[in-house]
Amino acid sequence: MNERGESNISAAASGHGRIYQAGRDQFIHEGTLSSQSLRPVLDVAAPRDLASLPPKGEVFVGRVPELSSIRANLSTPGSVVVLSGLGGVGKSTLAAQYAWQNSGIYNPIWWITANNSAGLHAGLAHLIVTLQPELARALPMDESAERAIQWLNAHNDWLIILDDVTNSADVAALVSRVNTGRIIVTSRIGSGWHRINTTVIQVNVLPNDDALELLSRTLHAGESIRQFDPIQNLALVSRLGGLPLAIRAAAGYISATHIDVEEFLRQLSNYGPDLLDAPDAWTTLARTFHATFEQLADTPLALPLLRILSWYAYEGIPRLLIDNLTRSVDQSQLKHALMKLAAHSMLDVDAKSISMHRLLQTFIRTVDPQDPYRQPADIAAGLRQSTELLDSTLPQVHAPRDWPLWQRLIPHIAALADRASPESDTAVSAHLFNQTGLFLNEQGDARSSIAYHLRSCAAYSRHYGRLHRDTLAALGNLAGAYQAAGDLAKAVPLYEQTLSECEQSLDQDDPFVLSARNDLASAYVASSNLAAAIPIYEQTLADRVRVLGRLHPATLTSLNNLAYAHQVAGNLKQSIPLFEQALAKRERVLGDRHLDTLASRHNLAASLHFVNRSRDAVRLLERNLDTREQILGGDHPDTLASRNSLAYARLSVGDVYGALPLLEETLTARERILGGDHPDTLTSLSNLAYAYEMKGELTYAIQLYQRTLAGCERVLGSDHPDTLAARSNLAGSYRAIGELEKAVPLFEQTLTDSVRVLGESHPSTLALRNNLAGAYESLGNLDRAIPLYEQTLTDRVRTLGEDHPDTLASRNNLAGAYESLGDLGRAVPLYEQTLTDSVRVLGEDHPDTLASRNNLAYTYRAAGDLGRAVPLYEQTLTDFLRVLGEDHPSTLISRNNLAGAYESLGDLDRAVPLYEQTLTDSVRVLGEDHPDTLALRNNLAGAYESLGDLDRAIRLYERAFADSVRLHGDGHPTTLRIRRSLRAAYLARE
């Protein structure tokens, strides 16, 4: 978080806390997207008759009222129907039947197993990849899912079935965001749906007539010749309670074993009501399943296969998982077992995937020592094998070409993690969960990754011990997940623990130890503990040079990281040469267009900005943007990051009109590609708000800041550092527009939160304290402002050092407060010290140095020492013209200040033309409604009044007053000041 200085010139400090990304440039995906790939979703048409539905082989009977109710309640776009009922009652079959019946009305029809949020995201990602196959290897899963939601919102005739929803919260966000198409939800949950505006349709067991038809048709589908006794059929469906799943299972068993219904009823009676202490439907299913299991006993792989599949999501189990079993079993036996299970209605099998009813899954993996088919050892073996099959199928984490397979596996990994107790986790489970956590973190879902890393750490530690290399790696990955989620309070101690235990168990020169040291230093930088970070980076760099060589990629990474730490610490004389070394070596070793080289060039440009080489930074960033557009395409996330950085650099040199189109283009692209709630999109929104604030369109800037804050609170939480920055930005814009009654409470709240979340000495906390002091100063409450400025300066000297740019800004701001108090005896020496230090630390031509010179001149003028004030103003204006150009906002302010000094001297012949030129330029550069233009019009009116030209003075005062009322309102301090001047001019003319 940066801050805005509150002295006499807007260039006194660097801006008040916008969210600005820089680190992402280190992480670049290899997928390349053309503009055609990420064209507007409205232009992406669904192929004709696109449907993803379960196979149509199941017999369907009855349900006429339910089908009519679904049709009626889905009559308008945006409608959502929930089919609720007990397991096995046929909710999914009913949803599928409705979809098949209406396949000519809806397109696409898309089935998603949404029993958890991971399954929902995977299903949405699969939809967009089906619509645009070229995105499969280019967008992470969350971004693919977001693009799918955008696609749904842009089209009307689709039908989505969200099957087996176990928590309405998992689908609430999707339901609330789309108001087109239709959605059917199936769920065993009957309550809570009113919160998300749905219609619930209760699905009950089949009445006897329909149940008899289902049994009869299912039996004859398996055996078209045999006849069955209707009386026995009625007895069976009554015994099974009209539950469709039990009826299908019984019919499958009867057909496969060639017995009659009466014999099946006798076998069923062998399992009395005490078989399971469960509801009647569950007991009925248990009896049916047992009868089938007995018939499968002569197929050795059948029951073990069921036990394996029971740990996965019930639908869409990739065949390739089971195909891996052929490494240990005969392929023909496996094929035979699948055929037998399908024949007994235990599984649905097609060429690519397998489905198994969720109730059968639950039953087969539930231990019962009294049940020969559910012995603890057998179920444990099934869990172990299911875990090993998933782990052996995992693709690489970071390769976009493997993301589609990951997206197919994630629902099954999530199901296994949810169903298996942590105590049952093996070393293979630990590896599976570790890799899954890394993948989710890579996809930007750090919060979800934490749970997997916790499981992995615990399992590795239990199996291998605390100091094993795999345990230490898992611990470091857990720390990384917390850091990515913004939880440094948990990340830093874990990094410290990882390094300590690495140093206990491994050689000090082991690359693993060096990496752990680098990771800890990175966390220290993120938490602003630079005094600890820099020595660790220096040691790591020296060790890598000695162990790996000067040009090894890891060594160059250390060089880059050390440079960045010095930049954050304000040690710009150290950071820039290090960044230049890293860039030169990467260009030589990796080439000019390598992605790491581009990251180094970006980092160097960011550093140059701080030493008044912003124009050099702009040239580097323009080159980077051009290269990324060529290599990655115009809409790649990293190309968008480059465009965002270039726009920000243009803002830093006062080129608001050059920055705005880039910022608007980047925001539009990110909303289209990443979605409105993605953190990068919120960054773009905040930066655009800042640009409009610089342009003087404060009302629109406030609207954008409000949107940014709402998005940060919704997506990141109220305590995330970016949310605190967004709140500070909004408070700053309220202050800029004069709405101090809104600004001060918001600054106070944000400072309290920052102290609690980040700590008293964090740079962001210190920036907020500075901003709150400035707001108190604007209120005229110097008794509260000055102690806060003094405390902030003391803390910055202690934590950042005497020469840090933020410390210089604090000293400047405190001097300004002393000046406002009229205490020039303290203000002048402090301004003089700040100017001397700025020249030494930042250089003669740095904008902050020029601002310090301007502020000192202002103080001399306030003290009546125009002999020193005027030459200093003249020197400052000359330097602003040379360094920033004649149209930079700071140059315009400097020219205004010099005109004011001439006016104080009584030299109106020089003052008036300078005011007139500055007003003309301000209108041209900043616009008629910019606050600086308003102030300049008021100042020129005052100069005319001093000349005795009251007619021209009053005309300008009247226009300035009207503009201020229109822009700020009657009660704004600027409006009140102009009104007083206008009233005095009227009186003078009378």
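Here are a few notes on a helix, the cysteines and one histidine.

1. Ground rules: this is a predicted model, with local features needing pLDDT of at least 70 and side-chain atom pairs counting only at pLDDT 80 or more, while totals for chains, interfaces and linings use all residues. Numbering runs from 1 along each chain as its sequence is written, and side-chain values use heavy atoms, with hydrogens and water left out.

2. Helix α39 covers residues 889-905 (helices are DSSP runs of H or I, at least four residues, numbered from the N terminus). Its 17 residues should span 24 Å at 1.5 Å a residue, and the end C-alpha atoms sit 25 Å apart, so the two agree; the expected span is 1.5 Å times one less than the number of residues. Of those 17 residues, 14 are buried (under 20% relative accessible area, 1.4 Å probe, protein chains only). Right after α39 comes G906, with a positive phi near 85°.

3. Don't go hunting for disulfides (cysteine sulfur pairs within 2.5 Å): a search of the whole structure finds zero. Take C457: its closest cysteine sulfur, in C502, is 12 Å away, too far for a bond. C457 counts as buried at 12% relative accessibility, and C712 does too, at 1%.

4. H720 sits in the loop between α30 (698-715) and α31 (721-736). At 15% relative accessibility, H720 is buried. A polar atom of its side chain lies 3.0 Å from the backbone nitrogen of D722. Leaving aside residues up to four places away in sequence, H720 touches A485 and G486 (contact means heavy atoms within 4.5 Å).

Conventions
Helices (H or I, at least four residues) and strands (E, at least two) are DSSP runs, numbered from the N terminus. Buried means under 20% relative accessible area, exposed over 50%, partly exposed in between (1.4 Å probe, protein chains only). A polar contact is a pair of N or O atoms within 3.5 Å; within protein, one must be able to donate a hydrogen and the other to accept it, and residues adjacent in sequence count only if both atoms are side-chain atoms.
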